[in-house]
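Please open the structure in a viewer and keep the selection tool at hand. The tour proceeds by selections, each followed by a description of what is found there.

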Amino acid sequence: MIRIAIAIACLLYLSSGFLPEPSNGQLNSQAMGSFPVLVNGRIKPLDTVARNSLQIISGKQSFQGADSKLSAMQWLLEVLYDCSSADKRKVFRIDNPDLLALFGKSRDDGKFYSFAFLETFQETIKHQASMAGSIEARLRSSFQKQAIGLQQKVSLYSRLRFSLQIPGATNVLQTLERFMEIIDPGLTQSNLKAEGKEYNVELVDELRELSTAQFTQAHNAYFLPILPDKSGDDKEEWKKFGQAVMQCADSGELSSMIKSYASLGDAFRAGTVDTFGDLANTHLEHLQNHHPGTLSRTSKESLFNQLKPFSRCIVLYIAAFLSICTFWLLGRTTFRDAAFSILIWSIAVHAGALATRMWLENRPPVTNLYSSAVFVGFGAVVLGAILEKFYRNGVGTVAASLIGFLTLLIAHALSLNGDTLEMMRAVLDSNFWLATHVVVISLGYAATFLAGALAIAHIILSLISKKYIKEPGKNITGMVYAIICFATLFSFVGTILGGIWADQSWGRFWGWDPKENGALLIVLWNAVILHARWGGIIHQRGLMLAAVFGNIVTSWSWFGTNMLGVGLHSYGFTTAAFRWLLIFAVSQLIIMIIGGFCLKQPSHKVAGRSG
Amino acid sequence: MNKLSVILRGSLRPLASLRLTVLCLLVGMLLIFAGTLDQVHIGIHGAQEKYFRSFTTLWKIPGLAFGNFHFGYLPLPGGYLIGSILLINLLAAHIARFRLLWRQIGILLIHIGIMLLLIGELLTGLLAEESVMNLDEGERSSYSESNRKTELVFIREIDGNKEQVVAIPEKMLENSEGETLHHPLLPFSLHIEKFMANAELKLRTENASALPSGATTGIGVQVTASRKARSGKPDEQDSTTALVELRAEDDGKLGKWLFSKNLRVQSFKYGGNTFFMSVRRQRSYKPFTLELVDFTHDRYAGTNIPKNFSSKLRLIHPAAGVNREVLVFMNNPLRYGGYTFYQQGFDNNDTTSILQVVRNPAWIMPYASCTMVGVGLIIQFGMHLVRFSRRRRKP
C-alpha cells in the first residue's frame, strides 16, 4: 500500500517537470531553445548556451528583474536580438567590495549591475584583469580572481551580442537582402575604383559597410549557429553567422537558415508573437528534415535542462532521509519502507539522468569533476540500497540518502562554472580508460564514503535512538567491514588501472603525482583498517572511527590534490572549494571525537581475526 | 626439523606482527601526504628523490613558522626504508603465520603481488631512464637528451666531416671536484676546481660586487657564478656549472675555464686542433634513427582546445632490416628496441615534435603484480561474500 502511494507521489512530482514554462503572453522561446549551435567544439542546444551563460554571468539560471522574470532562453534571445533592452538588465553579479569600489559602488548598491553600466568601465576591468592574469593562478587574491572573472563575464556577454547580428541592428533580413543585391554591381564598381576609373562612390561605400559588418560579426561571435548543408557531423563545416552570409555572396542568394535567423530577430523586435512562433516552427521543420540526428540530440538535451533531473533527485533524497529519520524517532516501520521506496525511485531517476548524459556526450559516465560527483553519489547510493536490501534495518537508507543528497549538492556547486558536458582535453580522450580506470576509482571513492556515512549514521543513531542500539546496531560492524572490503578492491584496482594508463600514455607507471598519491592513500587507509581489525588492534568502535576518517582521506584525494595545482592531473583545478574541504574535514574530526567518547565498546565479544 | 621450524617461526613473530604492518602503512601514508604537499615547493622530481627514493627524510611541515624560525620539522623514514620493512614484514608473516592452504590462496596472491609491486618500484627508481627527443619536420635523429642530467663535451673535428666527442657526465664532474681527470682522446687533462649542480650566472658589469667566477680565459672571465639549489621543478632545468683548469701533458697550465649549461659553446686551439667545449643535456645514442615525417595538431572546431597531437615518424634500423612509418599519438606510443616513445609536446608553430623516450626494463613488473593482487582481492572478498550470504540464508 505504502509503495503504491509513494509511486503515485513520485510520478506526480517527476511529471510536473514536463509542464511547459508559463509564457505570460510573451514569445515562445522554448522552440528556439533546441536549435543546435556549435560552441567550444561541442554541438549543443541554444537552451544550454542560455543557461550556462546566465549561470556564469549572474549565478542563476533565470533572471529576476524589478518587474519581470525571464527564463534563461528569454534573456538570451533579448541579448541576441535586442541588446539595447538586454544591456539595461542588471545581470552581472559582483560580490567583491573592492571591485565594486572600482566602479564607485558599494555593497549597499546591490550585487547586480547592467552591461550598460559596466561598459563605461571596460578599460578599467580589462586593465585590472590583465594585471591579475600575470600572477600565478594559485597566488591570486580574491580581488584579482574576481577581476579576471568579471572580465570573462563581460567578454562572454559581448560575444553573445554579436552571435546572430551586429548589436543594435534593425531590419536585418532587409539589410542582408540588400547586401546580396548590391554585391555584384558593388564589386564591379570597386574594381573600377581600383583601376583608377570613375565609379559609383555610394555603392562602393555601402558594400564596404555591409561586408565589414559581416566580418565584425564573425570575428566577435560566440557560437556557430549555421549547420553545413550536407547532413554530416563534420564540425569543421559549421559557420558563424557572418561567415555564412559571406559564403552566400558567391551565389547572391541567402540560405534559408540565414533568412530564418534574421527574420526571427525582426519578429522578436517587433514583438509579433504569432510570426515568431511560425518562423521558429518552420526552422525546426527544416532541421528535422535535413539534420534529424543533430536536432534529436539537442532537443533531448534541452528537455533534460528543463527537467533538471538531478535537482529532483536531491528533493527525493531529502524526502527519503526525512522519512527514515521519522522511523528512527517514532519506530514505525511504515516510514522505513516508505524511505526505501523513495530511495529506489530516486535511484531510478539518478540512473536515467546519468544514462542520458552518457548518451548526449557519447562517453563513459565520468569525464570531469562534476560528473565524478554525480557518479560517486550514484555508486554509493546503489551500494547503500543493496545493503538495505540485505539487512533491512534502515541504516543503509540513512547513509545512502545522505550521500546522495550531499554529492548532488557538490555536483550542483561544481556545475556553476559552465558547461558540464564540455569536450575532453587530448590527454584524457580515451573512452577505454575513462570507462575502466575512472569508473572503478570512482566506485572506490563511493564505497569509502559509504563506509564513512554508515559509521556516522551509527554514531549518531546510537546517541539518539534507543531502538537502534537494541537491534541493528549489532550488524553495523559487518556492514562497514563488507563495504571497506569492497572499497579496498575498487580503489586498488582503480589506482592500478590508472598506473597502466599512465604507462601507456606517458611512459611511467607511477610518478608520485598528487592525484596518484591521493588514490594510494585511500588504498593504504583501507588496508590499514582491514589489517588493524584482523590484528585485533581495533574493534567496533575503532572500525567506526577509522571509517569516518576514510571520508577525510577520500575527500583529500578527490578534491584536495587538485587544489595543489601541480602535476599531470591538475585538470580539475578549483580554489573556492578549499574552504569547504577544510570545513568537511573538521566536521568529520568532530564526529570522530563524539564517537570516541560516546560509543560503547561491546564487552561481551572481542572481535578477533575474521579474515 | 619440526623443532627448528618452531624456533624459526617463534623468532620471526615480532617481525611478522600485524602491528608492524599497520604502523608501516600509517607512516607510509604520512610520508605520501608530506611528499605530495612538498611538491608545491620542490617539484615532483624533488619530492620523488627526497621522500620516496630515500631511506630517511625530514619533512618541513608547512604553516608552522614563527617569523623566520620554522619549528615544524618531522623526521620520517623514506620510501626505501618503509618499503624494505614492509617487504620483510610480509615475508616473515608468510613464514611465521600463514600456511599453504587453499583458503588462503587469495591472501597469498595479494601479498606476492604487493611484494612484486614494491620491488618493481625500486627497480624502476634505479633503472628507468627518461629522456626527450626533439625533432623538426624532416629532421632525423638517433639520440635523445636527458631531462635533468647534463654532460661536459669536448668536440674536435677529424677527417673533415666527422666529429670526435668526449663527454664527461655531470656525476663524474661532481665526484671529481678537486681532482684531475684524464682521457686518452684528450691531449690535456682536466682539473675540476669547482662544481656547481645549479648556478646563477651574471655579467660582471651588472653585478660588480660579486666575486668573479675564477676563470682566467674564455667567456667565464666576464661573469660571476654563484651556487644555487637544484630546482626539481618539471619546467626548470638546472644550470650545471664547473670551473675547470686544462693542463697540458707537461703540466703546463692552459688556463681556467668556466663551463656552464647557460653559456654558449667556447672554442680552444691546442696542438693543431680546435676543441669546441660546452655543457649540454646528456645524450644517449640509439642503434636506430627516427625521422619526423609530419606533425599534426588537431583542435576542436572553432576553439584552441587541443584534441589530438600526432607524429608520423619513419623508423630506420638498417642492422635489423627495419625501415617503416609509424604513428605516435596520445595514448599510443611506439615501443621499439627496449625504448618507448610518447607524444609529449610540440613547439615552433606545430613543426617540432617533442617525444618522451623511456627505457624501463622493469616495466612489466607492475602489470604482473597488479594482475595477481586484483585476482587475489577478488578471490578473498568473493569468499567473504559467499560465506556471508550462506550464513544469511540459514534461518
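The stops below cover the interface, a surface patch and a single side chain.

This is a predicted model, in which local features need pLDDT of at least 70 and side-chain atom pairs count only at pLDDT 80 or more, while totals for chains, interfaces and linings use all residues. Residues are numbered from 1 along each chain as its sequence is written, chains are lettered from A and ligands numbered from 1 in the order in which they are written, and side-chain values use heavy atoms, with hydrogens and water left out.

**The interface**

Select chain B together with chain A. Here 52 residues of chain B are in contact (heavy atoms within 4.5 Å) with 57 residues of chain A. The buried area, that is, the accessible area (1.4 Å probe) that two parts lose on being put together, summed over both, is about 4900 Å², and carbon and sulfur atoms give 69% of it. Next, highlight Met29(B), Tyr300(B) and Asn331(B): they supply 13% of the area that chain B buries against chain A, more than any other three residues.

Now select Arg335(B) and Asp503(A). They form a salt bridge (a side-chain nitrogen of Lys or Arg within 4 Å of a carboxyl oxygen of Asp or Glu), with the closest N and O atoms 3.7 Å apart. The count between the two chains is one salt bridge.

Colour chain B by element, using helices (DSSP H or I, at least four residues) and strands (E, at least two), numbered from the N terminus. Which element gives the most to the side of chain B that touches chain A? It is α7(B), with 13 residues. By residue class, this side divides into 30 nonpolar, 12 polar and 10 charged residues; Ala, Val, Leu, Ile, Met, Phe, Trp, Tyr, Cys and Pro count as nonpolar, Asp, Glu, Lys and Arg as charged, and the others, Gly among them, as polar.

**A single arginine**

Move to Arg89(A), in the loop between α5 (83-86) and β5 (90-93) of chain A. Leaving aside neighbours within four places in sequence, Arg89(A) is in contact with residues including Phe63(A), Leu70(A), Tyr113(A) and Phe115(A).

**A nonpolar patch**

Finally, select Leu330(A), which lies in helix α16 of chain A. Leu330(A) helps to make a nonpolar surface patch of about 750 Å², together with residues including Leu329(A), Ile460(A) and Ile594(A). Such patches join nonpolar side chains (Val, Leu, Ile, Met, Phe, Trp, Tyr) within 5 Å, from residues with over 30% relative accessible area (Shrake-Rupley, 1.4 Å probe) and no salt bridge.

Terms used: Patch = residues over 30% accessible without salt bridge, like charges linked within 9 Å, V, L, I, M, F, W, Y side chains within 5 Å.
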